[in-house]
Amino acid sequence: MDSLTSIRVFREVVDGGSFVAAAGRLGLSTAMTSKHVAHLERLLGARLLNRSSRHLSLTDVGRVYYEQSREALDILQSAEAAVGQQAQAPSGVLRVTAPVWVATQGFADMLAAYRRRYPKVVIEMTLENRRVDLIEEGYDVALRATSEPSPTLIARPLGRVRFVLVGAPAYLDARGRPKTPADVESHDVILPTYLDMSTVVIESPTGRVTVRHRAAFRCSDSTLSRQAARAGMGLVYLPHWQLADDLAAGALEQVLTDCRLFAPTLYAAYTSRKYMAPKVRTFIDFIAEAMRTALPDDA
């Protein structure tokens, strides 16, 4: 017999003043109502009610237990109501970790559109190029570009992120524009500190080529890496969607346009499918759809 149900039955008996009244309100038989109270008394090892053929009254122990259990049931009922409201409408703070290179106008437009649809959700996004522990650091979702998602998390693919190789026009005028992947080895390259890119594999029209890089600058922030490339420090690999404005304005120029560079999949990683909060589910669904429509070049 479920003890929590027995506690609820006991409360109804006290509030209703009789087993018959409680049974009617709960949709139980009078005998079953009496069994629940007897179960509770056996569990506690104390008599809770004084019974007579015409009257019920609380014992001293029963009075203390009734007051405490009523308060506990009220708190539990409030918690169940709060969960029910959460299940109906996404709300609350959504903590997201993502790579620095999502800091683009296009991605900001996606976040703004999500907020318009779900105004009760406040997104708290931390941008850093490292792999965080979602549970340990209290994040709801991680956006990660990788070819090997973590086996300990649920990872939903959102779309592919196409990387390109770019440099400042002045740098390319001075150093020459690479015509083949092998030409890159004679150039200065801006590399990340959070990923080993001492060599990369590039697919050229004549086949796959392994390119070894000569680092001119290493940085943990892809935004600063982009600025360093604009300043003429060397070539840099960055997502195409981060470079759209610079390429259109001529501040950076893409090289090896006939080659295929790496294009990792961007995943939304989270801890469990079971009891997924509406704010998490709607955010992932929304970003997946937005990436399909707004970033076709990277799909």
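**Notebook: two helix pairs**

I looked up helix 8 and helix 9 first and noted that they are roughly parallel to each other, because their angle falls under the cut-off of 35 degrees. This is a predicted model, where local features need pLDDT of at least 70, side-chain atom pairs count only at pLDDT 80 or more, and totals for chains, interfaces and linings use all residues. Residues are numbered from 1 along each chain as its sequence is written, and side-chain values use heavy atoms, with hydrogens and water left out.

Next I wrote down the geometry: helix 8 (residues 222-230) and helix 9 (residues 240-249) pack at about 30°, with axes 12 Å apart. Helices here are DSSP runs (H or I, at least four residues), numbered from the N terminus. Axes are lines fitted to C-alpha atoms over the stretch in contact, and angles run from 0 to 180 degrees between N-to-C directions.

Which residues in helix 8 meet helix 9? I found Ser222, Thr223, Arg226 and Arg230, and they meet Gln242, Leu243 and Asp246. Contact means heavy atoms within 4.5 Å. I sorted the residues of this contact into one nonpolar, three polar and three charged.

Then I turned to helix 1 (residues 3-16) and helix 2 (residues 19-26), whose axes come within 8 Å and cross at roughly 125°. Helix 1 and helix 2 are therefore oblique to each other; oblique is what remains after under 35 degrees, over 145 and 65 to 115 are taken out.

In helix 1, I listed Val9, Glu12, Val13, Asp15 and Gly16, which meet Phe19, Ala21, Ala22, Arg25 and Leu26 in helix 2. By class, I got six nonpolar, one polar and three charged residues for that contact.

Methods
Nonpolar A, V, L, I, M, F, W, Y, C, P; charged D, E, K, R; others polar.
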